[in-house]
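Q: Please give a close account of the open sheet of this protein and of the helices packed on it. Please then add the other parts that can be described, for a reader who has not met this structure before.

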Amino acid sequence: MIINMMSNPTMTKPIKRGETKTIKGQLTYSEVQRNIWKPINRQELTFKQFAYYVGQEGHLWKSSLMSGAKNTDFEKAYVMSLDFDDGLTIEQFISNSKDLGLEPSFIYKTFSHTEEQHRFRVIWRLNTPIEDPQLKTAIQLMLMEVFPECDANCKDLSRLWVGGKEVVNYKYENTLNIENLINAVVNSISVKDEKNATRNLKAFYKKLGINVYNKYPFILKSEEIHENPNNIYNWEFRKNPQLLDKNTKNIIYDDFLFSFDNNSYNTTKATNRSAKIQTVKGEKIKKTKIDFMKLYHKCQLFNDFINGEKLEHKEIYHLSTNLYDFEKYPTVLSEILKKYNYNNWENKYNTYVTALNYGYAPSRCSNKCKYYNECSNPKNIKEKYYKKENKAKKVAEYKGLKLKTVEAELRKDYETLKEVPKNVFTFVKAPTGIGKSKLLETIDLSNTIVAVSNHRLGAQLYEDLLRNPLNYGLVYAKPLKIDRLPDELKYKIQKYYDLGLHGEVKNEVYEEIKRLNKEGLEGKKHPKYYEDLKEYLDNIAEIQEATSLLYTHQRMSFGTNNSQIDTIIIDEDFLKSFIKYDYFTFEEVFENINQIRRWSEKFSNERSKFYLNYLDMFEVFEAFQMDIQTHNNQWIKNPLKQLILEGGFRELLIKFIKENKDNMSMPIFKIINAEYISLKNSYIHFVNGEDIKGLNKYRVIVLSATLDEKIHTKFIEKYLPDKEIKFKDYGEVELKANIYCDCSYSFSRFTLKNQSEKANKKLDEILSSDKYENIITFLDNDLVNLEGYNKKRITHYGAVEGLNGYEGQNLCVLGTPHFNSAIYEAYGVLLTGKSPVSNDWKVKRVTKNGFEFDMNTYKSEEDKIFTDIQLYFLYSELVQAIGRARGIRFSCDIYVYSSMPIAGCTLI
């Protein structure tokens, strides 16, 4: 942005003609006005710099970029601003503006501001600069109408603003929302004098010099111009071209069409006089009858609204743009707003009137709804309401091989697994229950790490592997037992784990052992937890000397410093442990970053050891904040990553965490290490796959039933380009069990929260069945409550791997375990380096496991890799769940209620 701006060394208001200077160097208004527009004072700044200079340093600035001192010298405007000197506190203004969907980008306190008398200026960042003076004036007057407590004199184009002494409520992501401004303006005028609202609105439109569309200012969204049959371009211009083609000035700004009277605006005075505004009437909107109870069960946002959970302005706007043409919606809207005492409820209700007036296209759920990712990503609420139930169809016959045939081939291959060259990365895909883990007992594990998915499976496999005399030297990397630790030590260690500083755990344990040993010399008895700490350190020492090791996937992803190891055998799919994905709120990330910045200011002295790291860090943090917001909803390379390459910065960061760990709320190293980041709906997502590189110097064998050749191969090609890849798929095995799949309801997390009466009856029927006792479903009891059904939740999605003891028992697998779509994108961006071509989703026919079925997924065919990843995640979770019954070895019945059918199943 470019601003006319001058420094203000005395941090005071300039003095007027005739006044006496009270401070040396104090500026006068006349000298400021003579000079501020000159080229030397045209400052090109980032928005954050602008906020700092005017809000903290008191710089003088013009509300518009000017080439001279008069209104006629207007060039463009990058911000909108209002001045408040009386009658309103900053907190009251923030509350009001949030309520209207018009929260500003920042506020600054003026020099005369006190706690008793709030005086402040409000700034809105514009999505794009305004280049037309009439448009700038119109938006200024609209803001002043919505916030009547502001100074009514501060409206001219060349307005000089004096800076302030403190910035508050800085939120770069906030920009001036034109739709919310229109809604607020019409509501503000209408509620003042309801009897004369029409007359007063018309008078205000004349003041703006703007034409009228139905009863509202002629400001049409571009999506209505291009998509909606009721809009002025597609209907009015075609039918009545004479209406607005004479004496009309049309301006396209920020994806809106503004239509003004072309002859009334006086740039010198920045006013409209004798405006001849024209009125256009659009086609009447046809109303549709719907079942609001069905909508209540299908849309969680609408469900929340009806149940009295207070929605934000943007969420009510989202409901209104989707539901305004449904009969009885205005009644429902009005009743709920009044029933639950919404502040300024008329403005919320006016979202319906505004949408009806303009014939708005339905707003997208991806932009407005917090439930978007867990709701199968619908395009909008209407699509969600009208979506048909899923229908699956078999397209290929299940051809299972004999169990003994596959076992014999697998046993033969195991004998030569460790004979392949070290540069070979081997994938072995074989069905769950075939005995992949059991066969590990038969081979020599010298110089080998076996990695399993969790400690439950690790403890069990450890005992099994020791049955082979060749494996007596096997060392199991056990977790630190923390149950008996004193609370303070337990808190410290857990905090280090949470922050991703596993190395610091070892240091903390070592220091505690040292302290306890010193007490022992003084005659004090060691506490019980001493043995736990000693066992942990002894285990670490054993790991460094062992010739064979048993790790979890998570432990393996951190690497090993044992030089005797040349082979790694990974039991079950490893990607979810080696690919580090997480997300945190925008506010949380920047609060943690700002903590680091504030703390590190102590190193700003040039003689400080960390001086250069301090300078680099500030520069990188600035780039991070700018990039993440500029590329909203897109994945970009992580600007923070360059910091971790600096050894000095790592040392600086560890020092910070040790001193401030109690105030840290996220693993900062994990975030700085991430390859890609993305800002989505106020959350910053992080992903990093570079832990896979740690497998490069080993011979690697992966054994799993859920491998996807396309996806897994691509990851190895990217991170281990020197490896030769071998993928052995043993195919499907004849089933002894019967698998029955019912795909009529998805029973996803979202649909379980919003069940229709019909779906509730189906769920009750499933839970009441006497065909099974064991159930695998979601963890949350609020989603599937088994109380009173005589059923047992043996485990839940996300914790099925390694669970034994249910072989040959009938089983019910209930629900479609969708993941947040950001996870699919995170994996996809690691493979492609690109975000999805489109964020739009649609219900498409997809094929998997010999079946064709409906799935809500990425709309664009160019985004097929993301759909493939989505299918991989769903398939992995469901296959692991049904595998608990060991259906290839035991006769039993397995019932699956999910939108994805399973290979070899019978559709019911």
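A: The account below begins with the sheet and then turns to a hairpin, two helices, a pocket and the cavities.

This is a predicted model, in which local features need pLDDT of at least 70, side-chain atom pairs count only at pLDDT 80 or more, and totals for chains, interfaces and linings use all residues. Residues are numbered from 1 along each chain as its sequence is written, and side-chain values use heavy atoms, with hydrogens and water left out.

The open sheet has 6 strands in the order 32-31-33-36-30-37, and their pairing is parallel. Helices (H or I, at least four residues) and strands (E, at least two) are DSSP runs, numbered from the N terminus; two strands pair if DSSP finds at least two bridges between them. Strand 32 (792–796) and strand 37 (906–907) stand at the edges with a single partner strand each, so one side of each has no neighbour in the sheet. Strand 31 (residues 774–777) pairs with strand 32 in the parallel sense over 4 bridges, and Ile776 has Thr795 in strand 32 as its bridge partner.

Helix 31 (residues 757–768) packs on this sheet and touches strand 30 (738–742), strand 31, strand 33 (811–814) and strand 36 (893–897). Contact means heavy atoms within 4.5 Å. The direction of helix 31 makes about 155° with that of strand 33; axes are lines fitted to C-alpha atoms, for helices over the stretch in contact, and angles run from 0 to 180 degrees between N-to-C directions. Helix 33 (residues 864–882) also packs on the sheet, touching strand 30, strand 31, strand 33 and strand 36, and its direction makes about 165° with that of strand 33.

Strand 34 (residues 841–848) and strand 35 (residues 851–858) pair in the antiparallel sense over 8 bridges. These two strands form a hairpin with 2 residues between them, and Asn849 in the turn has a positive phi of about 60°. Val846 stands opposite Phe853 in strand 35.

In helix 3 (residues 90–100), the buried residues (under 20% relative accessible area, 1.4 Å probe, protein chains only) are Ile90, Phe93, Ile94, Ser97, Asp99 and Leu100. Gly101 follows helix 3 and has a positive phi, near 75°.

Asn539 belongs to helix 21 (residues 529–545) and, at 8% relative accessibility, counts as buried. Leaving aside neighbours within four places in sequence, Asn539 is in contact with Val475, Tyr476, Ala477 and Lys478. Asn539 and Ala477 are 62 residues apart in sequence, yet their C-alpha atoms are 6.7 Å apart in space.

Helix 21 is also one of the elements that each supply at least two residues to the lining of the second largest pocket. On a 1 Å grid over the protein atoms alone, a pocket is an open set of points with protein on both sides within 12 Å along at least five of seven lines, a cavity is a set where a 1.4 Å probe fits but cannot get out, and lining residues have an atom within 4 Å of a point. The volume of this pocket is about 1400 Å³. Of its 44 lining residues, the closest to the centre are His502, Gly503, Gln554, Arg555 and Phe558.

The count of cavities of 30 Å³ or more is 5, and the second largest cavity holds about 60 Å³ of space. Grid points are joined across faces, edges and corners, and a volume is the space filled by probe spheres set on the points. Helix 25 (611–630) and helix 2 (47–55) each give two or more residues to the lining of that cavity, and helix 25 gives the largest share, 4 residues.

How values were computed
Buried < 20%, exposed > 50% of the residue type's maximum accessible area, 1.4 Å probe, protein only.
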